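Dear colleague,

Please find below the structure that I am handing over to you. My notes on what was found in it follow directly after it.

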Amino acid sequence: MRDIDFRAGRLPGRSILSVQGPEAGHFLNNLLTSDIDHLAEGQAGYAALLTPQGKILFDMILLGQGDGYLIDCAASQRADLMKRLAMYKLRAKVEIAARDDLAVGVSPVEVPGSYRDPRSAAIGWRTIGTPQGEAEGYDAARIAAGLADSEADLGSGEFFPHEANLDQLGGVNFRKGCYVGQEVVSRMEHRGLARSRILPVVLAGAAPPKGTDIRSGEKQVGTLLSSSGPNALALIRLDRLAEATAPLLADGVTVKVQKPGWAKYDVPGAA
């Protein structure tokens with residue numbers, strides 16, 4: 001699946017909050033899946049806050065700034081993320097604030113003040129500031145790159161980090177200390193329990209609705225997620241994909257599973 005270009009601009013579905021203070025790094029590092037304490041000024045990292053049972057509540061991109069971080073998260077989830085962080089704050093010397101004066105921008109090429117998307121170079125550059133106009137074609141580009149969206153695909157409390165490929169996209173550090181949900185994530189990693197993965201697929205017709213089953217004969221192999229034109233994302237059971245003998249169909253539409261360039265695991269029969 002080739003990368004799809006997009007027009008630079010603001011992402012209206014994203015919002016910014018800040019976590020600032022002398023203990024901001026320590027505070028967030030004890031909560032999030034990746035090691036963000038090392039992020040220098042202007043450096044970005046990808047991470048998630050999990051449930052104690054190891055499922056993703058919120059995924060986010062963090063940018064080092066001053067004595068803290070700017071957090072790029074789904075606009076629809078920001079209020080809940082702030083409440084969750086405040087619940088864990090206790091006596092930590094940090095200030096958590098909504099930054100409505102800032103917005104998230106994306107660009108297919110480097111622009112002043114931009115930083116590489118920490119998940120994959122295939123999806124270009126991001127900015128935090130006051131980008132002009134709305135980005136066009138970005139969803140098509142991220143779907144082609146195999147990247148799940150916080151709201152359109154992941155939701156909250158539905159997926160384990162391995163299912164959403166955080167282990168492949170720099171969103172999990174398996175050498176850092178404890179964080180919320182760490183025991184479950186480590187067990188999945190060391191026991192090889194990740195049977196399902198979100199992967200890009202190509203459809204031979206109009207995309208069926210999100211949530212449509214993908215089947216090989218009578219056996220369910222996966223579930224469709226967000227789509228754009230002939231491209232979509234789907235949660236695929238890799239073990240069932242390996243066993244599939246009949247074509248994959250979603251409501252009668254032929255589905256071809258792709259393997260993105262960043263994936264280090266085997267995707268049986270993928271292009």
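How many bridges join strand β10 to β13, and in which sense do the two strands run? Seven bridges join them, and β10 (residues 196–203) runs antiparallel to β13. Please bear in mind throughout that this is a predicted model.

**Strand β13 and its neighbours**

Within the pairing of β10 and β13, Ile198 has Leu235 of β13 as its bridge partner. Strand β12 (residues 219–228) also pairs with β13 in the antiparallel sense, over five bridges. There, Ser227 has Ala232 of β13 as its bridge partner. β12 and β13 form a hairpin with two residues between the strands, and in this hairpin Gly229 takes a positive phi near 60°.

β13 itself spans residues 231–237 and is mostly covered, with seven of its seven residues buried. The burial extends to both faces of the strand: Asn231, Leu233, Leu235 and Arg237 lie on one side, Ala232, Ala234 and Ile236 on the other. Leu235, the partner of Ile198, and Ala232, the partner of Ser227, thus belong to opposite sides of β13.

**The open sheet around β2**

Five strands form an open sheet with antiparallel pairing, in the order β3-β4-β5-β2-β6. The edges are taken by β3 (44–50) and β6 (95–98); each has a single partner strand, so one side of each is left without a neighbour in the sheet. On average, neighbouring strands of this sheet are turned by 30° against each other, direction ignored.

At the β3 edge, seven bridges join β3 to β4 (residues 56–65), and the two run antiparallel. Ala44 stands opposite Leu63 of β4 in this arrangement.

β2 (residues 14–20) is joined to β5 (residues 68–74) by seven bridges, again antiparallel, and Ile16 has Asp72 of β5 as its bridge partner. With β6, β2 pairs in the antiparallel sense over four bridges; here the bridge partner of Leu17 is Ala98.

Is β2 mostly covered or mostly open? The strand is mostly covered, as seven of its seven residues are buried. Arg14, Ile16, Ser18 and Gln20 point one way from β2, while Ser15, Leu17 and Val19 point the other way.

**The segment before β1 and an aromatic pair**

The count of aromatic pairs comes to one. Phe6 and Tyr138 form this pair, which is edge-to-face, with 5.2 Å from centre to centre and 90° between the planes. The pair links distant parts of the chain: Phe6 lies in the segment before β1 (9–10) and Tyr138 in helix α3 (residues 138–144), 132 residues apart. Both Phe6 and Tyr138 are buried.

Asp5 is also placed in the segment before β1. Why does Asp5 count as exposed? Its relative accessibility is 59%, and the cut-off for exposed is over 50%. Asp5 and Pro108 are 103 residues apart in sequence, with their C-alpha atoms 6.7 Å apart in space.

**Pockets and a cavity**

The largest pocket holds about 330 Å³ of space. Its lining comprises 19 residues, and those nearest its centre are Leu11, Arg14, Tyr138, Asp139 and Asp149. β4, α3 and α4 (150–154) are the elements that give two or more residues to this lining. By class, the lining has nine nonpolar, two polar and eight charged residues. Two of the residues nearest the centre have appeared above: Arg14 of β2 and Tyr138 of the aromatic pair.

The second largest pocket has a volume of about 210 Å³ and is lined by 14 residues. Leu241, Leu248, Val255, Lys256 and Gly269 lie nearest its centre. Strand β15 (residues 253–257) provides the largest share of this lining, four residues. The lining divides into ten nonpolar, three polar and one charged residue.

Finally, the structure holds one cavity of 30 Å³ or more, and the volume of the largest cavity is about 30 Å³. Tyr46, Arg119, Leu147, Ala148, Ala164 and Leu169 form its lining, which divides into five nonpolar residues, no polar ones and one charged.

With kind regards

Definitions and conventions
Residues numbered from 1 in each chain as written. Predicted model: local features only at pLDDT ≥ 70, side-chain atom pairs only at ≥ 80, totals over all residues. Heavy atoms only, no water. Pairing = 2+ DSSP bridges. Axes fitted to C-alpha atoms, helices over the stretch in contact; angles between N-to-C directions. 1 Å grid on protein atoms, 1.4 Å probe; cavity = no way out; pocket = protein on both sides within 12 Å on 5 of 7 lines; lining within 4 Å. Points joined across faces, edges and corners; volume = space filled by probe spheres on them. Nonpolar A, V, L, I, M, F, W, Y, C, P; charged D, E, K, R; others polar. Buried < 20%, exposed > 50% of the residue type's maximum accessible area, 1.4 Å probe, protein only. Phe/Tyr/Trp six-rings, centres within 6.5 Å; stacked < 30°, edge-to-face > 60°.
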